[in-house]
Structure formats: C-alpha cells, structure tokens
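Work through the exercises below with the model in view. Try each task before reading its solution.

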Amino acid sequence: MKAVRVHNFGGPEVLKNEEIAVPEPKAGEARVKIEAIGLNYIDIYQRTGLYPLPLPFTVGREAAGLVDATGPNVTAVKVGDRVAYAMEPGAYAEYAVVPAWKLVPVAANVDIPSAAATMLQGMTAHYLTHSTYALKNGETALVHAAAGGVGLLLIQIAKNLGATVIGTVGTEAKADLAKQAGADHVILYTQVDFLPEVKRVTSGAGVHVVYDSVGATTFEKSLDCLRPRGCLALFGQASGPVPPFDLGNLAAKGSLFVTRPTLVHYMSDRRELLERAGDLFNWIASGKLKLRIEKTFPLAEAAEAHRQLEGRRTTGKVLLIP
C-alpha cells in the first residue's frame, strides 16, 4: 500500500510517498480501508519534531473509511462498517490498523469526507466548549484563528450555546468566513491590535474565555482580554510555544485560569468518544453545524498540503484522498 512517511524531521520535503506492507490487525484492533484523511496542525508539529515520534513513522491522526478486517476479540465494529477516528497515528495511508474502541460508526446521513473532517477538529471544538470551559448562554468568548478548521466550528458551537463570539483573523476574506459562521464581532489583527478592540467591544469588561490555538504571539494579550476569573484555553501553538510564564501574574491579572488541553485526554474512553462524535454527527445531519471542506489533495501531494496549511493559505478543513 502507499503511505506518507517521515524518516527525518524537517520541512514538507521530508514527507515521502512510499510503498509499505499492508498492516494486519491484532487482538482488539481493526483495519480500515481509508477513503479520506484529515490534515491537522499536529501533523506539522510531528513532522518538524516539535512533537517528536520515533523515526520512521507514517504521518496523520484522523481518517474515515470502511472496516475491512478485524483481529480477535473485536466487538465494537465489524467488517463493512463505515467508521471514523482521530488521535491514532498512521492515517496518511491507504490502510490503517486502529484500536477498535477508537472507531466511531459514521451515521448514514453523514458522508465519509465529512466524517474525516469532523473527528479531530470537531471533537476539539466540542471539548473546549463543553468541558475545558463549558460556555453558558450570555457569556462571551474570544476565538483566535477564527476562520481555521477549529475556529469555524468553535464559532458555530458557541453560538448554538447562546454565547457572544469575538473572532480574530488575518484577512478580509477570512473575516467574511468568520461572520458567515456566526461571529458577532471580527477583528483583523493585521490592521488593529486585538486587545483594545476586545476591551472596546466588551465595554472594558473582557471575555469569559479565550480559545487560543496561536500560542506565542497571542498569549500575553489573550490573558489581558479576560475578565476576572476568566479562562485561557491554549490548545495549540501555530506561532510557536509560549515561553516560561510566572504563575503569579495570574493573580495580578484577576485570579485567571490557564489550561493547556489536548484532545487525547477528552476522549479517554469509548463512552466519552461516542458522546462527542455523536453530538457532532447529529448537528451536521440537522444543519446546526456546517463544515467547510475547502481543499482536497491526493495523498501523494501531502507535502503541498502541508505548505499551504503552514503558509496560512487555507481556511476550514483540508483533506487528503488516497
């Protein structure tokens, strides 16, 4: 089978399209014939070595397709099931072996590309708004990278919960996308400083929560956007890691909360996984959540897909197709 592998950490050029053996499922595992693969920023972090994996490895942590084989002691899925998964390595391939408990049945009224586009970014938006900081009706959230894959989903889910949403974006085109998703206020950070704008929009009060996937360039000002006892959920670092931070500053700025969550700890068992994915698929089927699959690339062009994601030339979701 074809798979995109990394033998040395580095730029997109280290992604190699190779022929490797089709994996065989062991006890508790199922093999998925992959039909669509989700591209995510964690793929870039792992390719560059920021989140190092043992070399060599097959890239990717999100996909959807059909179960074509199962190992012993598998009861969660059967051959022929349409399934999707996230947070399991090896997705940039024609086949992947996955622990069966991580495979989510795809609802009949959700297509496979949509399922692949939903799992990692959709469940991230779900846990951020429902668990990390459970947004309530009438509260205000600041969403950085509001036109990105997670950002557009965060806006919609936050609005469905009754929150006011302020989004930051880098271009007019991305501002339009954030507004279409339902953002109440959109700030072009390339034209104005987002901190005074957030203060202006909130009449000086600040926001209840900041959902920040940008990291180094936004962290300090994100804290200053919070009202007393507000929460900064730092779930990514697209601009680089946040430098060491004096926790005493949190008291001085209003008894603030900061957390660095990651999806793997919010899908720790099958019950939680099925609940989150089930909500997402129901919202998609009912029209409450609209996906934006902006681009698809053949699997062999994974390097170009990475270049476009890193270069901020994408909005919404990018898929790879084997």
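**Exercise 1. Find the partner of K253 and place both residues in the chain.**

Step 1. K253 pairs with D224 in a salt bridge, with 2.6 Å between the closest N and O atoms. A salt bridge here is a side-chain nitrogen of Lys or Arg within 4 Å of a carboxyl oxygen of Asp or Glu.

Step 2. K253 sits in the loop between α7 (248-252) and β14 (257-259). D224 belongs to helix α6 (residues 219-224), so the bridge ties together parts 29 residues apart in sequence. Helices (H or I, at least four residues) and strands (E, at least two) are DSSP runs, numbered from the N terminus.

Step 3. K253 has 29% relative accessibility and counts as partly exposed. D224 is also partly exposed, at 29%. Buried means under 20% relative accessible area, exposed over 50%, and partly exposed in between (1.4 Å probe, protein chains only).

A note on the source: this is a predicted model, where local features need pLDDT of at least 70 and side-chain atom pairs count only at pLDDT 80 or more, while totals for chains, interfaces and linings use all residues. Residues are numbered from 1 along each chain as its sequence is written, and side-chain values use heavy atoms, with hydrogens and water left out.

**Exercise 2. Describe the salt bridge between K159 and D184.**

Step 1. The N to O distance is 2.9 Å.

Step 2. K159 is in helix α3 (residues 149-160). D184 is in the loop between α4 (172-181) and β11 (185-188). The pair links distant parts of the chain, 25 residues apart.

Step 3. K159 is partly exposed at 28%. D184 is partly exposed at 36%.

**Exercise 3. Are R276 and E272 buried or exposed?**

Step 1. Their side chains form a salt bridge, 2.9 Å from N to O.

Step 2. Both residues lie in helix α8 (residues 270-286). They are four residues apart, about one turn of the helix.

Step 3. R276 is buried, at 4% relative accessible area. E272 is buried too, at 15%.

**Exercise 4. How many salt bridges does the structure hold, and which residues form a network?**

Step 1. The total is 15 salt bridges.

Step 2. E24, R31 and D68 are linked in a network of them.

**Exercise 5. Why is C225 not bonded to C231?**

Step 1. A disulfide is a pair of cysteine sulfur atoms within 2.5 Å.

Step 2. The closest cysteine sulfur to that of C225 is in C231, 14 Å away, which is too far for a bond. The structure holds zero disulfides.

Step 3. C225 is buried, at 0% relative accessibility. C231 is buried as well, at 7%.
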